[in-house]
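Here is a short note to read alongside the picture. Please keep the sequence at hand as you go through the points.

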Amino acid sequence: MSLLKIKDATLKFGGVVAVDDLSLSVEEGEIYAIVGPNGAGKSTVFNLISRFYQPFSGSISFDGQNLLDRSADQVADLGIARTFQNIELFDHATVLQNLLVGRHRHRKTSMVEELFFAPRVRREELAHREAVEEIIDFLDLQPYRDKMIAGLPYGVRKVVELGRALASGPSLLLLDEPASGLSVEETQDMRWWIDDIRKQMGITVLMVEHDMGLVSSVSDRVLALADGAKLAEGTPAQVQADPAVIEAYLGAGAV
Ligand SMILES: Nc1ncnc2c1ncn2[C@@H]1O[C@H](COP(=O)(O)OP(=O)(O)OP(=O)(O)O)[C@@H](O)[C@H]1O
């Protein structure tokens with residue numbers, strides 16, 4: 001079943017058509033990657049799904065519900081989490097605290113209950129801690145658990161951001177360039193985690209990524225974008241062998 005469906009979406013910025021009559025669907029349980037040269041419209045697609053942007057035309061649905069009726073906050077409540085190209089964490093808080101922020105959408109207790117630290121608050125707090133500790137173990141973040149984000153290497157911060165997105169318990173995870181800035185070894189770890197996020201947690205993954213090695217090794221299907229429009233879609237091998245894709249990447253005459 002399609003978890004996410006974009007149909008005929010168009011978005012322009014002045015004279016620039018960032019997304020051009022684009023349709024795609026992501027099936028439940030798959031890892032789907034969007035690739036394309038700089039300026040192809042990849043981030044804009046993520047921003048449309050996250051409801052930071054409103055399309056001029058077209059529709060977007062998630063789990064059978066119209067996403068265009070929802071605000072960015074409501075999208076998170078529906079079970080869509082994302083990471084950002086430029087990591088967005090609280091620098092002066094610990095890894096644990098940042099992951100607990102990710103649990104925000106699951107908080108059910110009222111402010112009055114929290115003020116008086118009612119038993120329900122204690123029970124809820126314990127459940128959030130347990131969920132977060134599982135993510136810390138899963139992502140091998142134990143050595144950094146109580147460290148401030150500001151002092152951590154870039155590669156570790158990238159993993160914490162993944163953890164923060166996982167902490168919200170999403171059914172769809174949007175990863176914006178998960179391998180950018182990572183070393184070869186860190187990229188390899190990221191590959192295993194993305195694979196395990198789908199296998200062990202049952203989360204559907206939609207990612208934007210430039211590293212074709214990572215894309216080919218982990219994705220079920222790939223969409224190649226150019227000038228906001230679909231150039232090719234298929235398995236990683238099919239897309240990489242597509243003459244239109246080769247031309248878009250290497251220029252006319254490369255085919
Ligand atoms: N907020 C904005 N205002 C004006 N133009 C924008 C805005 N966001 C994106 N664009 C333009 O829309 C087009 C698509 O941009 P987008 O950032 O989606 O591309 P991308 O494929 O994510 O690129 P990159 O790989 O460099 O991140 C580009 O021409 C870009 O300049």
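The points below cover confidence, the ligand and one pair of helices.

1. Start with the ground rules: this is a predicted model, in which local features need pLDDT of at least 70, side-chain atom pairs count only at pLDDT 80 or more, and totals for chains, interfaces and linings use all residues. Residues are numbered from 1 along each chain as its sequence is written.

2. The chain has a mean pLDDT (the predictor's confidence in each residue, from 0 to 100) of 90, and 91% of its residues reach 70 or more. Among its elements (DSSP runs numbered from the N terminus: helices are H or I, at least four residues, and strands E, at least two), strand 8 (residues 204-208) has the highest mean, 98, and helix 4 (residues 111-115) the lowest, 56. Where pLDDT is low, the predicted coordinates should not be read in detail.

3. Now find the ligand. The residues around it, with a C-beta atom, placed from the backbone, within 6 Å, are F13, V16, A18, G36, N38, G39, A40, G41, K42, S43 and T44. Strand 2 (16-27) and helix 1 (42-49) each give two or more residues to this shell, and helix 1 gives the most, with 3.

4. Next, look at helix 3 (residues 95-102) and helix 6 (residues 154-167), which pack at an angle of about 35 degrees with their axes 7 Å apart. Those axes are lines fitted to C-alpha atoms over the stretch in contact, and angles run from 0 to 180 degrees between N-to-C directions.
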